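I opened this notebook page to look up how the chain is built and what surrounds the ligand.

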Amino acid sequence: MDNIHNMNKVKMLEFAEHGDERGKLVIAEGGLDIPFDIKRVFYIYGTQSNIIRGQHANKKTEFVLINVAGTSKVKVKDGEGNEAIFCLNRPHTGVYLPTMVWKEMYDFSDDSVLLVLCSEHYDASEYIRKYDDFVKIIRGSDE
Ligand code: TYD
């Protein structure tokens with residue numbers, strides 16, 4: 001598995017705002033605005049500000065996270081000591097997460113609705129839920 005430098009693939013996405021006198025509209029088309037075909041969508045709301053969600057890495061799934069309402073933060077780690085924090089605070093921006101990065105979502109505002117677009121259907125077996133296991137796999141791929 002070539003997981004090395006996956007951290008470099010993490011990036012903020014900015015979508016065009018199609019605003020007029022009726023309000024705003026943002027388009028996220030799979031394969032165009034989103035760097036994969038979208039197979040699954042879920043959203044997270046009603047999470048208290050002191051809760052940390054995520055805390056996993058995925059072997060197969062790529063994600064785009066968009067706070068369509070409210071705000072949250074996403075911490076990303078590569079298992080080699082590098083980490084980055086992204087603030088999701090505008091409905092027309094998102095963060096792209098490739099496979100094999102550790103992610104934690106936290107600091108949810110009361111009104112946060114975090115929309116998550118996924119490249120794969122849900123498969124529990126491709127989730128790595130222990131940080132130690134993640135680091136071992138990353139180290140293994142580095143040899
Ligand atoms: P979990 O991965 O813990 O959510 P988060 O990443 O936000 O912390 O998912 C919570 C529960 O929902 C867990 O039992 C798995 C289940 N689940 C599905 O069945 N399908 C899905 O697409 C997702 C994201 C979760």
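The entries below go from the whole chain to the ligand site.

Entry 1, the chain. I kept in mind that this is a predicted model, and I began with the secondary structure, where I found one helix and ten strands. Reading from the N terminus, I noted that the strands come before the helix, in the order β-β-β-β-β-β-β-β-β-β-α.

Entry 2, overall dimensions. I looked up the radius of gyration, which is 15 Å and therefore agrees with the value near 15 Å that a compact globule of 143 residues would have. The C-alpha trace spans about 55 × 35 × 25 Å along its principal axes.

Entry 3, burial and contacts. Of the 143 residues, 43% are buried, and the chain exposes about 8,100 Å², of which carbon and sulfur atoms supply 47%. Among contacts with a separation of 6 or more, I found that 79% join residues 24 or more positions apart.

Entry 4, the ligand shell. I listed the residues around the ligand as Arg40, Phe42, Ile44, Arg53, Gly54, His56, Met105, Tyr122, Tyr127 and Arg129, a shell that by class has five nonpolar, two polar and three charged residues. Strand 2 (40-45) and strand 3 (53-58) each supply at least two residues of this shell.

Entry 5, polar atoms at the ligand. I checked the distances from side chains to ligand oxygen atoms, and a polar side-chain atom of Arg40 lies 2.5 Å from one, while for His56 the distance is 2.6 Å and for an N or O atom in the side chain of Arg53 it is 2.9 Å. The protein covers 61% of the 530 Å² of accessible area that the ligand has on its own.

How values were computed:
Residues are numbered from 1 along each chain as its sequence is written. This is a predicted model: local features need pLDDT of at least 70, side-chain atom pairs count only at pLDDT 80 or more; totals for chains, interfaces and linings use all residues. Side-chain values use heavy atoms; hydrogens and water are left out. A residue is near a molecule or strand if one of its heavy atoms lies within 4 Å of it. A polar contact is a pair of N or O atoms within 3.5 Å; within protein, one must be able to donate a hydrogen and the other to accept it, and residues adjacent in sequence count only if both atoms are side-chain atoms. Accessible areas come from the Shrake-Rupley method with a 1.4 Å probe; for residues, only the protein chains shown count as cover. Helices (H or I, at least four residues) and strands (E, at least two) are DSSP runs, numbered from the N terminus. Ala, Val, Leu, Ile, Met, Phe, Trp, Tyr, Cys and Pro count as nonpolar, Asp, Glu, Lys and Arg as charged, and the others, Gly among them, as polar. The radius of gyration is taken over C-alpha atoms; the globule rule is 2.2 Å times the number of residues to the power 0.38. Buried means under 20% relative accessible area, exposed over 50%, partly exposed in between (1.4 Å probe, protein chains only). Contact means heavy atoms within 4.5 Å.
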